[in-house]
Amino acid sequence: MPYPTKYLFLSLLVISMIISCTSTNHQQPNQKQKSISFTKHIVYDTFISEGVAYGDVNQDGKEDILSGFYWFEAPDWKIHEIKPPVSYDYTKGYSQSFLNFTIDVNFDGWPDLVSYDFPGQGVYWYENPKGEEKHWKEHLIDSNACNESPAMTDLDDDGRMDLIFGHEEAGTMMWLKAPATAEDLTWEAVAISEPNSPGTHRFSHGLGINDVNGDGRKDIIIREGWWEAPADRSQVPWTFHETALGEPCSQMYAYDFDNDGDQDVISASAHAYGIWWHENISENDHDAFQRHLIDSSFSQTHGVAFTDMNGDGLPDLITGKRFYAHQGKDPGGKEPAVLYWFEFSRDENNHPKWIPHLIDDNSGAGLQVVIVDINKDGKPDILNANKKGIIYFLQE
């Protein structure tokens, strides 16, 4: 009996759908996703800080959020005080909490808070009270932390996070080694530069910690050049390579964007328009970089993260407008507070490409853009604190 045409068509359609689903579910490793999306969550809608950190504050297995004088308990973001709160008017001034980080300073197994104050003022660590509902004990680390993008990183690869910032009084770039034992909680101060060095003033803009020369050691980058980390990091001063790396900016990162075997540098304007990559064209031990524009559609990119957002094995750029950075007086200061991720790839000739993806137009960024898998689902999320409050974007 002949097989009806309509049944033959339906059978072929079903087979086609099975093949299609099988192909979708068996993508090659590192294959670029077609798109990623985010859901916006407002943790706190009031300006308290332009820095934010995360950590399991109460040891319940969940990532909590720390910012300014509060920590917010996951998953419902119940507010707990770290220190007595203060009110700020973002149309008139700034907070006393610029950048925040977490580290177990005293080796008790509980994350403590490191907070950089207003530029040129103090950097402190606050001692986690280990479950007690009380203010955290404040410890001064240094009273003159300068540069507007001070950092925390493991500079000497000893497993402990260190602090990097300028010291205007001495004119030096400082490396504050984290305490090595619970018995001595002193942060060891090492001046890695000569006195009167660039990048060390109170309001200096631009700082990064990455391997610039490909020797496997973390160097320190400013827009006027970079300090080369010696094999023995304690040998100071480090050699400074003077070169031009663009306009006043925020966090800086080194990466081989054009896949030619040397390290390039990326930067973003802190108070004007412009995001750039600086192509390494150095020759004969003479450092030189050629600037290329990535984007200039929005201004005040005072916080930048650089990490793989879509799982394709290449780092992407995440940044946004620092809302009311100078009370709306900067170029584009009153334009929408956008947040973007720039998808990085290369064309067939290894020329870098960045595809901008708008995440939100009413949040922006502060002085940090923090990437964390906040719900532990294997996908990186985005955490921000700025003059619009504390906001995170959950990757779907």
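Tyr 324 counts as buried, at 15% relative accessibility. I begin with this residue in what is a predicted model. Tyr 324 sits in the loop that connects S22 and S23. Its backbone is of interest as well: Tyr 324 has a positive phi of about 55 degrees, although it is not a glycine.

The loop between S22 and S23 also holds Gln 327. Gln 327 is not a glycine either, and its phi is positive, at about 55 degrees. As for its surroundings, Gln 327 has a relative accessible area of 15% and is buried.

Let us follow the chain from that loop into strand S23. How many of the eight residues of S23, residues 339–346, are buried? Seven of them are, so this strand is largely enclosed by the rest of the structure. S23 has two pairings to describe. With strand S22, residues 316–320, the pairing is antiparallel and extends over four bridges. Within that pairing, Thr 319 has Tyr 340 in S23 as its bridge partner. With strand S24, residues 352–360, S23 again pairs in the antiparallel sense, here over eight bridges. In that pairing, Phe 344 stands opposite Trp 354 of S24. S23 and S24 form a hairpin with five residues between the strands, and in this hairpin Asn 350 takes a positive phi near 70 degrees.

I now turn to an earlier part of the chain, strand S7. It covers residues 112–116, and five of its five residues are buried. Which residues lie on each side of S7? Asp 112, Val 114 and Tyr 116 are on one side, while Leu 113 and Ser 115 are on the other. Every one of these residues is buried, and both faces of the strand are therefore described as covered.

S7 also has neighbours to describe. Strand S6, residues 99–103, is joined to S7 by five bridges, and the two run antiparallel. Asn 100 has Ser 115 of S7 as its bridge partner. Strand S8, residues 121–127, runs antiparallel to S7 and is joined to it by four bridges. Here Ser 115 appears again, with Tyr 124 of S8 as its bridge partner. Ser 115 thus has a bridge partner in S8, Tyr 124, and is itself the partner of Asn 100. In the hairpin of S7 and S8, four residues lie between the strands, and Gly 120 takes a positive phi near 85 degrees.

Beyond S8 we come to Lys 130. This residue is placed in the loop between S8 and strand S9, which spans 137–153. Is Lys 130 buried or partly exposed? With a relative accessible area of 45%, Lys 130 is partly exposed. Leaving aside residues up to four places away in sequence, Lys 130 touches Asp 108 and Trp 110. To give a sense of distance, the C-alpha atoms of Lys 130 and Ser 282 are separated by 51 Å, and these two residues are 152 apart along the chain.

Two peptide bonds also deserve attention. The bond from Ala 74 to Pro 75 is cis, with omega near 5 degrees. Pro 75 is in the loop between strand S4, 70–73, and strand S5, 78–81. The bond from Val 236 to Pro 237 is likewise cis, with omega near -5 degrees. Pro 237 belongs to the loop between strand S15, 225–228, and strand S16, 239–242.

Finally, I step back to the whole chain. Its secondary structure comes to one helix and 27 strands. The radius of gyration is 23 Å, close to the 21 Å that the globule rule gives for 396 residues, so the chain is as compact as a globular protein of that length. Along the principal axes, the C-alpha trace spans about 95 × 60 × 45 Å. Of the 396 residues, 54% are buried. Among contacts between residues at least 6 apart in sequence, 49% join residues at least 24 apart.

Two surface and charge figures complete the account. The accessible surface comes to about 17900 Å², and carbon and sulfur atoms hold 50% of it. The chain carries 29 positive and 63 negative side chains, and the centres of these two sets lie 7 Å apart.

Terms used. Residues numbered from 1 in each chain as written. Predicted model: local features only at pLDDT ≥ 70, side-chain atom pairs only at ≥ 80, totals over all residues. Heavy atoms only, no water. Rg over C-alpha atoms; globule rule 2.2 N^0.38 Å. Buried < 20%, exposed > 50% of the residue type's maximum accessible area, 1.4 Å probe, protein only. Contact = heavy atoms within 4.5 Å. Areas by Shrake-Rupley, 256 points an atom, 1.4 Å probe, with all protein chains shown as cover. Lys, Arg positive; Asp, Glu negative; His and termini not counted. Charge placed at Lys NZ, Arg CZ, Asp CG, Glu CD. Pairing = 2+ DSSP bridges.
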